[in-house]
Structure formats: structure tokens, C-alpha cells
Amino acid sequence: MTETNLSTKVVIVGGGPAGLMLAIELGRRDIPTILLNDNPATAIQPQANATQARTMEHFRRLGFVDEVRDLGLPPDYPTDITYFTRYSTHELARFQLPTRAEAKQRAEAAGGRVASFVSGKTDYLVVGGKPGSKAKKAEELGVRVLLEGEFVEFLRDTD
Ligand SMILES: Cc1cc2nc3c(=O)[nH]c(=O)nc-3n(C[C@H](O)[C@H](O)[C@H](O)COP(=O)(O)OP(=O)(O)OC[C@H]3O[C@@H](n4cnc5c(N)ncnc54)[C@H](O)[C@@H]3O)c2cc1C
């Protein structure tokens, strides 16, 4: 076994989202860090199908939100919520949700302009399960906040 002499202030064990984010945050503060992970490569199976708004805000702050978004579902991919008796058998119920592209298209067809930020000119902010600082800003500015389901209803009303 080869012995390596390494000097660091912080050793992070585990290169999952928690370890990687900590390493990035410390690196940005010029704190020397070594990250150890028992797995030599990324996981074969996805372990984050959905990334919430608050997490995306952190990714934006850290400068790689666009790369993460590009790795996400294609804009025309359905995100319906379905209930099955067992995996892929006997569908019991389905909540139809518009694709990202469709939501944008329908909002624009209804006369809206879609933006990725909140300002005094914003009329509505659509939020998911864990609203972050955009929702706070919307509240401060008196912008009406719509939950995803309310947004779907809203689009239906404009059809
Ligand atoms: C199938 C699946 C789907 C999921 N979908 C979502 C989702 O859609 N959205 C969402 O937000 N979350 C999702 N999660 C949860 C999300 O993956 C976890 O919350 C997240 O990975 C936890 O991050 P972590 O850094 O704490 O731990 P982990 O991701 O488990 O990372 C720990 C790392 O430490 C390494 N390690 C362990 N022991 C040692 C050791 N002794 N020495 C060195 N390295 C070690 C492991 O190999 C691993 O790389 C999903 C999880 C699973 C399993």
C-alpha cells in the first residue's frame, strides 16, 4: 500500500450532494479541503429525479444552474403524477401537468411574458413544493404566488 502525505484543514468523507456542496462552499472561502469518496464514479441509478426550487437557487448562486437544468428532463417531457396499484400496472389516477415548454407556451398564448426572476413588474410567481427566496421577494413586492395546481387551473381558465 502506498502512503501519501496530505495536509488539509478539512476532510470531507462522502461525495454525495451534502459532501460536494460543502467542498464547493469551503473552496469558495479558500479553505483547503480533501473530499474522500468510496465510489470512484457517479451513481448508475439516478438519485434525484426532481430538484426543488430552493436547491436550484443554491445552484444558481454557485454558478452551475444552467448545466443542471440542461441535464434535466427535456422541456416536452410530461411530468404527470400517477398512482398505480403496482409498478407500471393498473393506473388508478393521474394528475395531468403541463410540460415546461407547454406551460411557457400557454402562459404566453394567454398574453403573459415568462421570466426567471421576480421584479416589481411581475404579476404572478409559480412555486413548487419548497418555495425559496423568490417567494419571499414576491411576498415583499406583493406579487401573487400560485401553487403548481393553481397555475394549472389558471391556464385552464384562460383556454
Ligand atoms: C432512488 C432515489 C431517488 C431519489 N430521488 C430524489 C429526488 O428526486 N430529489 C431529491 O432531492 N432527492 C432524491 N433522493 C434523495 C437524495 O439522493 C439524497 O437525499 C441525497 O443523495 C443525500 O445526499 P448525501 O450527500 O447526504 O448522501 P449520499 O448521496 O448518500 O452520499 C454519500 C456518499 O458518501 C459515500 N460514502 C459512504 N460511506 C463512505 C465511506 N466510509 N468512505 C468514503 N465515502 C463514503 C457514498 O458512496 C456516497 O457517494 C433520492 C434517493 C434515491 C435512493
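Me: Which residues does Val152 touch, leaving out those up to four places away in sequence?
Reply: Val152 touches Leu97 and Pro98. Keep in mind that this is a predicted model.

Me: How far apart are Val152 and Leu97, in sequence and in space?
Reply: They sit 55 residues apart in sequence. In space, their C-alpha atoms are 7.1 Å apart.

Me: Where is Val152 found?
Reply: In helix α6, which covers residues 148-158.

Me: And is Val152 buried, exposed or partly exposed?
Reply: Partly exposed. Val152 has 18 other C-beta atoms within 10 Å. Buried would need 20 or more, and exposed means 12 or fewer, so Val152 falls in between.

Me: New topic. How is the protein chain divided?
Reply: Into domain 1, residues 1-45, and domain 2, residues 48-158.

Me: How many Å separate the centres of domain 1 and domain 2?
Reply: 33 Å, with the centres taken over C-alpha atoms.

Me: Now the ligand. How many residues surround it, and which are the closest?
Reply: There are 15 around the ligand. The closest are Gly14, Gly16, Ala18, Gln47 and Asn49.

Me: What's the split by class in the shell around the ligand?
Reply: 8 polar, 6 nonpolar and 1 charged.

Me: Which helix gives the most to that shell?
Reply: Helix α1, residues 17-28. Helix α1 supplies 3 residues.

Me: Where does the ligand lie relative to domain 1 and domain 2, and why?
Reply: Between them, because domain 1 (1-45) and domain 2 (48-158) both give residues to the shell around the ligand.

Note on methods:
Residues numbered from 1 in each chain as written. Predicted model: local features only at pLDDT ≥ 70, side-chain atom pairs only at ≥ 80, totals over all residues. Near = placed C-beta within 6 Å. Helix = DSSP H or I, 4+ residues; strand = E, 2+ residues; numbered from the N terminus. Nonpolar A, V, L, I, M, F, W, Y, C, P; charged D, E, K, R; others polar. Domains from an automatic or database assignment. Contact = placed C-beta atoms within 7 Å.
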